[in-house]
Amino acid sequence: MWSELTKAIASFHIPADWIGIRVVRETAANRYVRDGIPQANGKSTTEGAMIEVLVNGCLGYAATNSLQLESLESAAEIAYKQALAASKWLIYPFKETERPKVVGEYNSPFLEPLDALSPGEINDLLVRMCRTLKVHDKIVQTTASINTSERESWFVSSNGSEVYQKFISLGTNYGAIAQDGAIVQQRTNNGWQAHCYQGGWEVLKQENLWQRVQQVGEQALELLTAEECPNTCTNLVLAPDQMMLQIHESVGHPLEIDRILGDERNYAGGSFVTTEDFGQLIYGSPLMNITFDPTVPGEYASYAFDDTGAVATREYVIKEGVLQRGLGSLESQARAGVPGVACARACSWNRPAIDRMANLNLEPGNASFAEIIGDIEHGVYMESNRSWSIDDRRYKFQFGCEYAKLIENGKLTKTLRNPNYRATTPEFWRSLIKIGNQDSWQMYGTPYCGKGEPNQAIWVGHGSPVCVFANVEVFGGGS
């Protein structure tokens with residue numbers, strides 16, 4: 001592939017200042033079972049190239065699903081004409097420094113390859129999950145799904161870049177819906193589509209798999225007779241699976257530099273953060289340390305280079321509560337004049353890379369889970385996201401969870417259903433009073449972070465320990 005792409009760039013008859021080609025080949029499979037009956041068993045492969053050129057300080061793009069030389073040449077010509085036309089209305093003059101030369105390789109770690117199980121064996125596994133979830137007649141629906149992906153990318157450029165990356169990933173989801181008259185409750189494995197990781201079948205084959213599947217069904221049934229979450233202001237303890245959503249919506253999206261600059265205002269929205277806030281804004285309490293870390297083995301959005309070739313490194317975006325840097329590519333950093341990270345990412349070969357989250361993690365503290373609960377006289381502990389609502393500036397939010405426990409005198413007591421909480425982003429993170437240790441730190445991932453026009457759904461990872469927030473408004477489903 002290297003020689004063909006390098007020869008293609010050399011053959012382009014366009015006076016561009018810089019040219020890059022990113023080729024992506026992906027094979028994805030999706031299998032889904034409902035109530036023990038297979039509903040989907042599909043597999044697809046996509047392949048193509050994105051051509052990016054720099055002309056008179058302006059970037060132009062064009063994609064093609066053919067890797068034939070004439071198709072690549074045609075796409076390069078379209079990208080060149082696009083950049084040349086747009087340069088008349090230039091917002092910011094980009095330079096080759098935004099596309100430095102890089103050479104390297106990345107491969108997802110895995111133990112058991114994706115072809116180790118046949119489609120029939122996978123369906124049998126999903127059918128067994130559904131049957132295990134059906135712990136009672138009041139379980140009215142069970143679902144289980146597995147998604148796999150093997151994705152390769154090649155990036156070459158006119159200034160000598162050569163990057164190869166291969167990603168192997170697996171995502172699982174299973175859950176149950178219980179009903180008793182007008183009462184309907186749902187329980188899933190840590191929230192919908194939260195179990196997505198890089199790796200092979202070892203990701204699924206955990207020692208406690210079948211105990212966990214049965215527990216999900218039992219908890220769905222348990223919620224039918226649980227009390228409603230009380231309406232009060234109290235200590236809120238969030239499990240790592242809900243912290244995933246909290247970090248994603250109230251830290252990740254508002255720190256995307258293209259949103260801060262207004263590029264996404266028409267679709268995804270803006271941000272309450274400004275370029276002047278970096279290095280100054282007290283985003284949260286001193287316990288809050290958020291890292292952008294694409295180097296974590298097995299986390300869903302790990303990589304060595306972003307889709308423009310920028311080298312991926314671990315960086316603090318918030319340190320001891322103070323905002324340090326944004327989630328922005330080399331060109332966004334140049335435009336905004338603020339530090340960023342290697343996060344120019346595209347969902348496929350037919351989309352240009354834009355500012356995206358990758359692995360965004362809350363660093364652990366020192367408290368054990370027992371110590372966290374034991375120190376609380378009154379509070380609510382919540383698990384697994386069920387619903388989310390946040391304004392287009394990522395400031396005011398309201399999130400709901402699947403499962404909760406009342407905390408009384410240092411102990412988890414009654415199960416609560418329909419737990420919700422609401423706050424504003426700075427108020428909430430500044431109320432962070434305790435963080436769990438490494439033993440409570442868990443990472444999750446989702447393939448459905450949406451952004452961009454045309455839309456791009458991309459995979460992200462978030463890790464967090466258990467966290468305690470003081471004086472948060474919590475409420476039940478009837479409020």
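A disulfide is taken here as a pair of cysteine sulfur atoms within 2.5 Å. In this predicted model, the tally of disulfides comes out at zero. Take cysteine 229: the closest cysteine sulfur belongs to cysteine 401 and sits 9.3 Å away, so a bond is out of reach. Cysteine 467 doesn't manage it either, because its closest cysteine sulfur, again in cysteine 401, is 13 Å off. Both cysteines are tucked away from the surface: cysteine 229 is buried at 4% relative accessibility, and cysteine 467 is buried at 0%.

Aromatic contacts are another story, with 16 aromatic pairs counted. One of them joins phenylalanine 428 and tryptophan 429, whose ring centres are 6.0 Å apart with planes at 85°, so it goes down as edge-to-face. Phenylalanine 428 is buried, at 1% relative accessibility, and tryptophan 429 is buried too, at 0%. Tryptophan 429 also pairs edge-to-face with phenylalanine 469, at 5.7 Å between centres and 80° between planes. That second pair ties together distant parts of the chain, 40 residues apart: tryptophan 429 belongs to helix α9 (residues 425-430), phenylalanine 469 to strand β24 (residues 467-475). Phenylalanine 469 is buried as well. These three residues belong to one aromatic cluster that also takes in Phe397, Phe399 and Tyr421.

Charges turn up over rings, too. Arginine 128 lies over the face of tryptophan 210, 3.8 Å from the ring centre, while arginine 393 lies over the face of tyrosine 395 at 5.8 Å.

As for annotation, an unreviewed UniProt entry puts a "Metalloprotease TldD/E N-terminal" domain at residues 21-83. In the model, that stretch is 63% strand and 24% helix, with its end C-alpha atoms 15 Å apart.

Technical notes:
Residues numbered from 1 in each chain as written. Predicted model: local features only at pLDDT ≥ 70, side-chain atom pairs only at ≥ 80, totals over all residues. Heavy atoms only, no water. Buried < 20%, exposed > 50% of the residue type's maximum accessible area, 1.4 Å probe, protein only. UniProt positions renumbered as here; feature names shortened; annotations may be inferred. Helix = DSSP H or I, 4+ residues; strand = E, 2+ residues; numbered from the N terminus. Phe/Tyr/Trp six-rings, centres within 6.5 Å; stacked < 30°, edge-to-face > 60°. Lys NZ or Arg CZ within 6 Å of the ring centre and 35° of its normal.
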